[in-house]
Amino acid sequence: MSAILSLPVKGMNCVSCVGRVEKAVGKLSGVAGVSINLASGRVMVTPSADADVKMPAAVVAAISAAGYTPLVEPLRLKLTGLRCAGCVGRVEKALRAVPGVIDVKISQATGTALIDAADVAEADLIAAVTAAGYGAAPVVAEDATAPSGRASGGAREPVIGEGARAALALLLAAPLLLPMLGGPVLPVWAQLLLGSLVQFGLGWPFYAGAWNTVRHGAANMDVLVVLGTLAGWGLSGWMALTAHEGHAPHLYYEASATIVAMLLLGRWLEARAKRKTGAAIEALMELRPQVARVRRDGVEVTLPIAELRRGDVALVRAGEQVPVDGSILEGATHLDESMITGESLPVAKGVGAAVTGGSMNLDGFIAVTAGALGADSTLFRIIRMVEEAGAAKAPIQRIVDKVSAVFVPVILILALLTLTGWLLAGAGVEAAMINAVSVLVIACPCALGLATPTALMVGTGAAARAGILIRDAEALERARDIGVVAFDKTGTLTEGRPAIAVVQPVTGMDKDTVLRLAAALQAASLHPLAQAVRDAMPDVTAAGAIRALPGLGVEGTLDGRVLLLGNGRLMAERGVDVASLDTVARGLTARGHSLSWLAADGRVLGLIAFGDKVKQTAPAAIARLKALGVRTIMLTGDNAGAAAAAAAALGVDEVLAELLPQDKGQALARLKAGGRVVAMVGDGINDAPALAAADIGIAMGTGTDIAMRAAGITLMRGDPALVADAIAVSRRTVTKIRQNLFWAFIYNLVGVPLAMAGLLNPMLAGAAMAASSVCVVGNALLLRGWRAGR
């Protein structure tokens, strides 16, 4: 790297901000210098001589972790001409060389480039790809929420056309194979004609791809195919021209034609299989409504989704999809959110409740105020997260990249050595040429290039169906090795809202009366404890002359009595004797409950204890993690009593209570020092530092946006059971990646020596090469059967 990275940053307002950003970026490896222009809001980073391609992405991450927002623009290009992992590496290198490019992710499986950049023109990126010998086109705006393969800016390769091409090639090659089945030998002219039609006509895409790469000073799998089949075709021509009169020459047109036909068939099967890797995205895309009924100026109109504005009121009847993210303005219903959150049961929604575009309205009319639109919508973010995770490189992929960079040149050298070795051994030109052709044909790096992205795409897609969004490949691979999971308590393992735990009346008073009088005082209060009381005792007559007592409680009158509801300090100030319930109160306080005392005319009537109820699925979630061999820890800012009570109900291994947000980060650092991979699960703003500090941050999708931005994995519903599911799908996906890479490497490690030894004829090599890519993709597709809870 040599170009200075100039990055616009939002949120820098003073010299102190400049210092924080400068410190955060300056300590990164690969950074030689940092200068910041506060007036323009730009950070200029000078890379050191040893900076690698990941330095810009590390700069963005450091600025974000410091609390500021790098203004990075995500750009997407549809690529053409990618034949193997080597092609991917060359395009990625070309894009990273464009000044302002921060990160590049290319998926061979979908032919998509996902580029993070600052002040970079799309035309410059396309020019860089073109200069590298490949094609690129923008994904047009109106299809921005489409999977990249469907975006009109880059049409999918015509699978039907490829199938017809493969079928015709096999049909033309079949007569050349008849002698192997005891049939007649075709005349030389007929073999030349059929072989040439397959070689140069139907096999033309290989020549176009090879020429496109070679003229830019590189080589790919098309070069191997062209050299191998052209050698067979040329050898046949030479044998025909030099044959003695009256002797039938030994020709190899059938080998070259069959190789081309098999490769075309393999490419068609591979294209069909790769389409299935995006099935999860396709299913999410089908959720996107095309139109919405909107109330504007009192009139109902039907508009395309693209024309909706924030604040529009969308009208949704039973059986229709919710067109946009927003909140319910009128009505109540049940929504089916299963394709977005993975929640199988309908979810009740009323006025004020948040709804997600793409959900199905089951049984009532609702009016929805439009909130997030387009790229800000939940559905869009899910689609992009799945797509980007599929395009991202897992750490294990680095091995593949290193191999791919030298693969084709090495194979060309091995083929030349094979030719030379057999000639020196006295085998003759014919045998030497055939063995060299076999080396060229068997050594296709396609399987290596497809091994990781196909498994990532299918695995993250299956996870998304279950309500688990995995941000990138590194998070997925790290999640496999999680050994410790630290949970925030409130809102993560508990409901996050107070509920009545105990109602304790004095002797002679009943619980219902205590609750009724308390609810009468709380009829108009917005306090969370007041809501818990009203939930327990709805539809009561409100007290009169209600007066809030800040920091103490509330006062009012009912049926001629003066009522008080509040804390112990209020009782003490008003001279209310609470000795009769003092022992009970101390026990409840020790267990972490908040207490409200009720008194009438100066006499205590009872007390109400509040607690944060443990989520119904949380104990089973903890048990599943333990079954996976994962240690569980609860980190909370609550008092020790409340934390201990919750921990006992949950069965967690360890509790750390009364922690400030920064204390959670320090606790995670200590846990990481033990050498195990540590995950942090949280949902609030105060959890963001801990989520960023953990090896893997897991955010509840019911929480805040800042928590989700700091996390590598987002759970789309507030169910802690999904944590175990995230680990399970990670382990399954990484296993598939390793299986694919193993077979891809073994295929070449075994196939190339066999071909060099003369134990593999060219036709069998072509069939095996085509089959290898199909097998890798097919193995990845087995991940589609993964389901949450397994």
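The paragraphs below lead through a predicted model, beginning with a sheet and its helices and ending with salt bridges and a surface patch.

The sheet is open and is built from seven strands, which follow one another in the order 18-30-29-28-19-26-27 with mixed pairing. At its edges stand strand 18 (468–470) and strand 27 (654–656), and because each of these has a single partner strand, one side of each is left without a neighbour in the sheet. From one strand to the next, the twist averages 20 degrees. Strands of a sheet pair through backbone hydrogen bonds, and the pairing can be either parallel or antiparallel. Within this sheet, strand 29 (residues 696–700) and strand 30 (residues 713–715) offer an example of the parallel sense, their pairing running over three bridges. The bridge partner of Met700 in strand 30 is Leu715.

Two helices may be followed against these strands. Helix 22 (residues 640–650) packs on the sheet, where it touches strand 26 (631–635) and strand 27, and the direction of helix 22 makes about 155 degrees with that of strand 26. Helix 26, in turn, lies across strand 18, strand 19 (482–488), strand 28 (677–682), strand 29 and strand 30, and runs at about 155 degrees to strand 19.

Helix 26 also takes part in a salt bridge, in which the side chains of Asp725 and Arg624 meet at 2.9 Å, N to O. This pair links distant parts of the chain, since Asp725 belongs to helix 26 (residues 721–756) and Arg624 to helix 21 (residues 618–627), 101 residues apart. The two partners can be read against the cut-off of 20% relative accessible area, under which a residue is called buried: Asp725 has a relative accessible area of 4% and is therefore buried, whereas Arg624, at 22% relative accessibility, counts as partly exposed.

How many salt bridges does the count come to under the rule applied here? The count comes to 17, and two further examples lead to another set of strands. Arg295 forms a salt bridge with Glu330, with the closest N and O atoms 2.9 Å apart. Here too distant parts of the chain are linked, with Arg295 in strand 9 (residues 291–296) and Glu330 in strand 12 (residues 326–331), 35 residues apart. Both side chains belong to residues that are partly exposed, the relative accessible area being 31% for Arg295 and 29% for Glu330.

In the other example, the side chains of Arg317 and Glu300 meet in a salt bridge at 3.5 Å, N to O. Arg317 sits in the loop between strand 11 (313–316) and strand 12, while Glu300 lies in strand 10 (residues 299–304), so that the pair links distant parts of the chain, 17 residues apart. Arg317 counts as partly exposed at 35% relative accessibility, and Glu300 is likewise partly exposed, with a relative accessible area of 41%. Through salt bridges that share partners, Arg293, Glu300, Arg317 and Glu320 are joined into one network.

The last feature returns to helix 26, in which Leu749 lies. Together with Val750, Leu754 and Leu759, Leu749 forms a nonpolar patch on the surface, and these residues have about 390 Å² of accessible area together. Leu749 has 59% relative accessibility and therefore counts as exposed, in contrast to Asp725, the buried residue of helix 26 described above.

Notes: Residues are numbered from 1 along each chain as its sequence is written. This is a predicted model: local features need pLDDT of at least 70, side-chain atom pairs count only at pLDDT 80 or more; totals for chains, interfaces and linings use all residues. Side-chain values use heavy atoms; hydrogens and water are left out. A salt bridge is a side-chain nitrogen of Lys or Arg within 4 Å of a carboxyl oxygen of Asp or Glu. Helices (H or I, at least four residues) and strands (E, at least two) are DSSP runs, numbered from the N terminus. Buried means under 20% relative accessible area, exposed over 50%, partly exposed in between (1.4 Å probe, protein chains only). Patches are made of residues with over 30% relative accessible area and no salt bridge: like charges are joined within 9 Å, nonpolar side chains (Val, Leu, Ile, Met, Phe, Trp, Tyr) within 5 Å. Accessible areas come from the Shrake-Rupley method with a 1.4 Å probe; for residues, only the protein chains shown count as cover. Two strands pair if DSSP finds at least two bridges between them. Axes are lines fitted to C-alpha atoms, for helices over the stretch in contact, and angles run from 0 to 180 degrees between N-to-C directions. Contact means heavy atoms within 4.5 Å.
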